[in-house]
Amino acid sequence: MKEINASQFESEVLKGGKVILDFYSTECPPCEALASKFENLAGLYGNDIKFIKIFRQQNRELADNLAVKSSPTLLFFDNGKEVAGRLRGGIKRSEIILNLDSMLLADRVKDIKSGIKPTVSEFDVIILGAGPGGLTAGLYLCQAKINTVLIDPSLPGGHVSTTHEVSNYPGFIEPQAGYMLSHNMSEQTKMCGTVYKVAVDITSVDLNKKEVVIDEYETVKAKRIIIGTGTTPNLTGAPGEKELKGKGISYCATCDGKYMDGKEVVVIGGGNSAVEESDYLTRFATKLTIIHQFDRLTANKKAQDKIFGNPKVSILFENEPRSFTREGDKIVTEIENVKTKVRQKLISDGVFIFIGMKPNIQLFKDKLELDQWGYIKTDDEMRTSVTGVYAVGDVISKKYRQITTAVADGTIAAMAIAKEID
Ligand SMILES: Cc1cc2nc3c(=O)[nH]c(=O)nc-3n(C[C@H](O)[C@H](O)[C@H](O)COP(=O)(O)OP(=O)(O)OC[C@H]3O[C@@H](n4cnc5c(N)ncnc54)[C@H](O)[C@@H]3O)c2cc1C
């Protein structure tokens with residue numbers, strides 16, 4: 001592995017044969033998450049592909065010339081030509097491997113893969129999920145000097161990192177940008193000493209043995225597991241939704257609202273998320289139509305007052321989406337009145353869907369007692385039906401799912417475990 005500056009780009013990268021180039025920055029959590037994967041893969045692929053790092057902040061002109069706008073960004077070169085797709089943000093080991101493999105012959109890839117050695121590491125507690133629940137549990141456990149690892153397929157932060165503004169988290173007079181709140185939570189837990197294994201593929205989870213395999217080769221063992229895996233947005237199930245996901249249909253206003261500047265938007269849903277995120281979207285959109293299946297909104301009163309007073313917003317009650325199609329740059333949403341069955345087509349530049357969530361329990365759903373909606377049942381110290389396994393936050397069966405309640409669950413589970421391990 002080698003570190004270069006812009007003056008060496010031509011000799012080391014363009015004339016360097018097969019190269020993977022990492023534009024990194026300091027004070028960049030996704031760069032930290034990538035660093036150990038990059039080093040580990042350099043050990044495996046280093047004889048065939050040069051692993052090069054370049055500090056983006058000190059080589060800005062080169063980064064700009066290459067249209068590298070964020071850190072980390074991985075670029076792949078073969079004989080001076082950029083090959084494979086660029087990788088950015090929370091980059092997984094498996095994504096890098098896919099690109100590296102595409103630069104080599106199949107036999108050589110097989111050889112390299114045979115050199116992957118399984119590893120085993122041991123902790124007191126594994127936390128699955130680095131949202132507010134998991135991060136808080138990590139903080140309390142770490143402060144109790146309990147050796148803890150946080151594992152997450154994404155970067156830390158959970159839903160808060162994609163919430164545009166949080167105004168109800170105590171301790172802040174002004175509303176906080178969600179990504180800053182989650183960043184601060186994560187840094188606090190990390191600085192305490194909790195180990196992070198994030199942006200990883202979770203291969204398997206054995207709740208009885210308390211073992212989690214990540215990236216297919218790394219086994220992590222512990223005495224206890226805390227599940228804080230949160231929820232994933234529900235789909236409407238209407239034809240065209242899956243195909244247009246990320247291509248005109250979004251589930252995250254913070255992520256995609258900025259692309260709706262001066263445009264027309266359709267929002268599906270009528271609860272808190274739908275109404276609050278609609279209000280946010282009108283910062284960008286000139287016109288926003290909410291489609292809601294019931295005859296009134298189910299969002300809280302404050303959010304409703306705000307949306308009813310917003311001149312950009314109109315609401316079509318008692319309608320449901322029946323299909324989504326693309327016509328040129330536009331998305332056509334066909335809706336049906338649930339009473340009259342009359343259908344109409346709405347043409348917009350983007351569709352945002354906020355119709356609730358489902359718990360992330362795919363890897364262990366058969367092992368745990370769940371409620372009728374599939375959320376994990378716990379006792380008042382967050383213990384699940386499996387001995388030594390706890391669950392916290394949105395993934396558990398409870399009435400109110402908020403940052404404060406997830407944080408409270410994380411606190412309780414950590415304190416209960418600290419007492420047990422003592
Ligand atoms: C659009 C929106 C706006 C919101 N606004 C507010 C607000 O203003 N105020 C408020 O209090 N609440 C708000 N909420 C609710 C709040 O975000 C959640 O209650 C809170 O984030 C729950 O925290 P959590 O740790 O349980 O789960 P999450 O925040 O969902 O985090 C779960 C983590 O688990 C990870 N994960 C998923 N599957 C696995 C797996 N198999 N193994 C390991 N990790 C996994 C995920 O990648 C994620 O990082 C909002 C929610 C949404 C969707």
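1. Start at the ligand. Serine 154 places a polar side-chain atom 3.5 Å from an oxygen atom of the ligand. Keep in mind that this is a predicted model.

2. Two backbone contacts go with it. In threonine 229, a backbone N or O atom lies 3.4 Å from an oxygen atom of the ligand. In aspartate 394, the corresponding distance from a backbone N or O atom to a ligand oxygen is 2.8 Å. How much of the ligand does the protein bury? Taken alone, the ligand exposes 1,000 Å², and the protein buries 89% of that.

3. Next, the shell. Helix 6, strand 8 (148–152) and helix 12 (403–421) are the elements that give two or more residues to the shell around the ligand. In total, 31 residues surround the ligand. The closest are Asp152, His159, Asn168, Asp394 and Gln402. Asp394 is thus on the list of closest residues, and its backbone supplies the 2.8 Å contact.

4. What is the shell made of: how many nonpolar, polar and charged residues? Eleven of its residues are nonpolar, 15 are polar and five are charged.

5. Now the cysteines. A search of the whole structure finds two disulfides. A disulfide is a covalent bond between the sulfur atoms of two cysteines. One pair is cysteine 28 with cysteine 31. The other is cysteine 142 with cysteine 192.

6. Take cysteine 28 and cysteine 31. Their sulfur atoms are 2.1 Å apart. Is this disulfide right-handed or left-handed? The torsion about the S-S bond is about 75 degrees, so the disulfide is right-handed. Are its two ends buried or exposed? Buried means under 20% relative accessible area. Cysteine 28 has 8% relative accessibility, so cysteine 28 counts as buried. Cysteine 31 has 7%, so cysteine 31 counts as buried too.

7. Take cysteine 142 and cysteine 192. Here the sulfur atoms are 2.1 Å apart. The torsion about the S-S bond is about -110 degrees, so this disulfide is left-handed. The pair links distant parts of the chain, 50 residues apart. Cysteine 142 sits in helix 6 (residues 132–143), and cysteine 192 in helix 7 (residues 178–192).

8. The ends of this second pair need separate entries. Cysteine 142 has a relative accessible area of 10%, so cysteine 142 is buried. Cysteine 192 has 29% relative accessibility, so cysteine 192 counts as partly exposed.

9. One link between the two topics. Helix 6 holds cysteine 142, and helix 6 also gives two or more residues to the ligand shell.

Key: Residues are numbered from 1 along each chain as its sequence is written. This is a predicted model: local features need pLDDT of at least 70, side-chain atom pairs count only at pLDDT 80 or more; totals for chains, interfaces and linings use all residues. Side-chain values use heavy atoms; hydrogens and water are left out. A disulfide is a pair of cysteine sulfur atoms within 2.5 Å. Buried means under 20% relative accessible area, exposed over 50%, partly exposed in between (1.4 Å probe, protein chains only). Helices (H or I, at least four residues) and strands (E, at least two) are DSSP runs, numbered from the N terminus. A residue is near a molecule or strand if one of its heavy atoms lies within 4 Å of it. A polar contact is a pair of N or O atoms within 3.5 Å; within protein, one must be able to donate a hydrogen and the other to accept it, and residues adjacent in sequence count only if both atoms are side-chain atoms. Accessible areas come from the Shrake-Rupley method with a 1.4 Å probe; for residues, only the protein chains shown count as cover. Ala, Val, Leu, Ile, Met, Phe, Trp, Tyr, Cys and Pro count as nonpolar, Asp, Glu, Lys and Arg as charged, and the others, Gly among them, as polar.
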